[in-house]
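User: I have a structure open and need help reading it. Can we go through it piece by piece?

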Amino acid sequence: MGAPLTAPLSRASLLAVLLALGGCDSVGPNFSPPDPQLPRASFRGPPAPGQPAPAPTPAQARVEEKLDSWWLSFRDPTLAALAERAADENLDVAEASARIGQARAQRGVAASAALPGINGDASYQRELYSKNGVLSLAGPDLSAPPISVWQTGFDASWELDLWGRVRRQVEAASADVAAAEERRRDVLVSTQAEIARNYAALRGAQRRVGILEANLKSAEESLELTRTRAAKGLVSDLDVQNAAALVSGVKAQIPAARNEIDADANALALLLGQPPGALAAQVAKPSRLRAPPVPALGVPGELARRRPDIRAAEADLHAATADIGVAVADFYPSVKLNGTVALNALDAAKLWRGSSLQYQFGPALSLPIFEGGRLKSTLELREARQQETAIAWRKSVLNAWREVVDALNAYDAERRRGVELAAQVDHARQALAISRTRYEGGVADFIRVLDAQRTMLEAMVEQERSDTSLCVDAIALYKALGGGWRGRFPPAPPAPEPTPVEAALAPL
């Protein structure tokens, strides 16, 4: 009774050995996230030597929450609405989303190699053997009539992933998916920052138009006053011409500012996938945009977790590391299980009978012996690419740190500059009032009034430019911190349940 079990047990033992080999660790290096080597102290000042970094303040603990929707800190409903539309309407984000679909499809292609390949086939052939061919060896008069060969069936092939080659390919493809997702987030961060920057420039241009129109009105009043005094013989025509020149000079600046408004509105429309002029009505009413206070920045070491570009570079490094494992696995033998089951008959009526059954089954072993250096060169290529991606990752970390520091310094410098410009505007306004009073009293030349009016106009315009620059610097700081992408995309659909075959292959 024990003898019949010998063969089945041997096959079961062989299958167990193959499955055990398939469960071995994959060859090649395993990936571990690199250390960004950034300071753990706050941006606002490192701890004293030998002292631990201070515990995060409540404001720093809320950094992530503030970065999620940083545009809300500007307290402008129009800006908030435009920024929220970026994830759904920006064409660059849509392109990045399409690239995610490509990466996921490529991962599916890589994962398919872990499953058997099964192909069905059916054929019909009409054959006639030559009398002067093989049949002539049996005799000069031997012949065979034409025959019909009917065949249908399927063949299967499955390469056992003994060394983890397929697993490394799937690992690399999964890292490519992660990189594509992070790049979409990076595109969204850049897009929202660009929307806010163009919006700030538009509001600044609208404010400058208002300043120019107010100064134009004042200059026209001065011109009328000068003409009245000239008609009475109190001043010369020189004062009238100087006043008229000031009016023309102010008027000349207004078209350029209005053109800037239109250009910024069209830029906003493009960022939202709209034609020129589509947002003109939404931003037509002037509004002042004020820069928010600088938020708690946390510590530089958190940039590697916040910034999508750094996370994308890390995913690229992961994929390059997994590709080394694929190249290493090519040095090892491959084992395939091949099989064919078919029905073959010379008569179509007999094709579906059990006696027409034929099959082939057996393993195939392939061992690389000589490849002319191809495998070695491929491995060297993959290792060199990993080194390149590691350097690119390090560059992205250092660049992120530089961008934050530069944006913070620019914000602080512009804020201090704005304080002085506000004082300049106040002094210029007082100087203009005094010069007008003295001119009307006949104790000062009109040239002093013109100089004071030009100085005040330049100071007011420069102050408005400074306010806009301060908003832009705040936007650049938020972008450098990697804010604005969390929760901005709809949740991904759940992954489908694995098939029984996929579940059985999961340990492999």
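Analyst: The answers below go from the whole chain to its helices and then to single residues.

User: What kind of model is this, and how are residues numbered?
Analyst: This is a predicted model, in which local features need pLDDT of at least 70, side-chain atom pairs count only at pLDDT 80 or more, and totals for chains, interfaces and linings use all residues. Residues are numbered from 1 along each chain as its sequence is written, and side-chain values use heavy atoms, with hydrogens and water left out.

User: How many helices and strands does the protein have?
Analyst: The protein has 12 helices and 4 strands. Helices (H or I, at least four residues) and strands (E, at least two) are DSSP runs, numbered from the N terminus.

User: What share of the residues is buried?
Analyst: Of the 508 residues, 37% count as buried. Buried means under 20% relative accessible area, exposed means over 50%, and partly exposed lies in between (1.4 Å probe, protein chains only).

User: And how much surface does the protein expose?
Analyst: About 28500 Å², with carbon and sulfur atoms supplying 57% of it. These areas come from the Shrake-Rupley method with a 1.4 Å probe.

User: What about contacts between residues at least 6 apart in sequence? How many join residues at least 24 apart?
Analyst: Among those contacts, 85% do. Contact means heavy atoms within 4.5 Å.

User: On to helices. What does α6 span?
Analyst: Helix α6 covers residues 165-231, which is 67 residues, and reaches 97 Å from its first C-alpha to its last. That is close to the 99 Å expected at 1.5 Å a residue; the expected span is 1.5 Å times one less than the number of residues.

User: What comes just after α6?
Analyst: Gly 233 follows, with a positive phi of about 80°.

User: Which way does α4 run against α6, parallel or antiparallel?
Analyst: The axes of α4 (residues 77-89) and α6 come within 9 Å and cross at roughly 150°, so the two helices are roughly antiparallel. Axes are lines fitted to C-alpha atoms, for helices over the stretch in contact, and angles run from 0 to 180 degrees between N-to-C directions. Angles under 35 degrees count as roughly parallel, over 145 as roughly antiparallel, 65 to 115 as roughly perpendicular and the rest as oblique.

User: Which residues meet there?
Analyst: From α4, they include Leu 79, Leu 82 and Ala 86, and from α6 they include Leu 188, Ile 195 and Tyr 199.

User: Is there any reason for that kind of spacing in a helix?
Analyst: In general, an α-helix has 3.6 residues a turn, so residues three or four places apart point the same way.

User: Is α9 mostly covered or mostly uncovered?
Analyst: Mostly covered: 17 of the 22 residues in α9 are buried. Helix α9 is residues 308-329 and reaches 32 Å from first C-alpha to last, close to the 32 Å expected.

User: How does α9 sit against α10?
Analyst: Their axes come within 9 Å and cross at roughly 170°, with α10 being residues 374-440. That makes α9 roughly antiparallel to α10. Residues making the contact include Ile 310, Leu 317 and Ile 324 of α9 and Leu 379, Trp 393 and Val 397 of α10.

User: And α7 with α11?
Analyst: Helix α11 (residues 446-480) packs with α7 at an angle of about 10°, their axes 10 Å apart, so these two are roughly parallel. The contact includes Leu 246 and Val 250 of α7 and Leu 450 and Leu 457 of α11.

User: Now single residues. Where is Thr 226, and is it buried or exposed?
Analyst: Thr 226 is in helix α6 and counts as buried, at 0% relative accessibility. Leaving aside neighbours within four places in sequence, Thr 226 is in contact with residues including Val 235, Ala 243, Tyr 439 and Phe 446.

User: What about Lys 251?
Analyst: Lys 251 is in helix α7, residues 237-271, and counts as partly exposed at 44%. Not counting residues up to four places away, Lys 251 touches Leu 216 and Glu 220.

User: Last one: what is odd about Arg 75?
Analyst: Arg 75 has a positive phi of about 55° although it is not a glycine. Most residues other than glycine have a negative phi. Arg 75 lies in the loop between α3 (63-68) and α4 and is exposed, with a relative accessible area of 77%.
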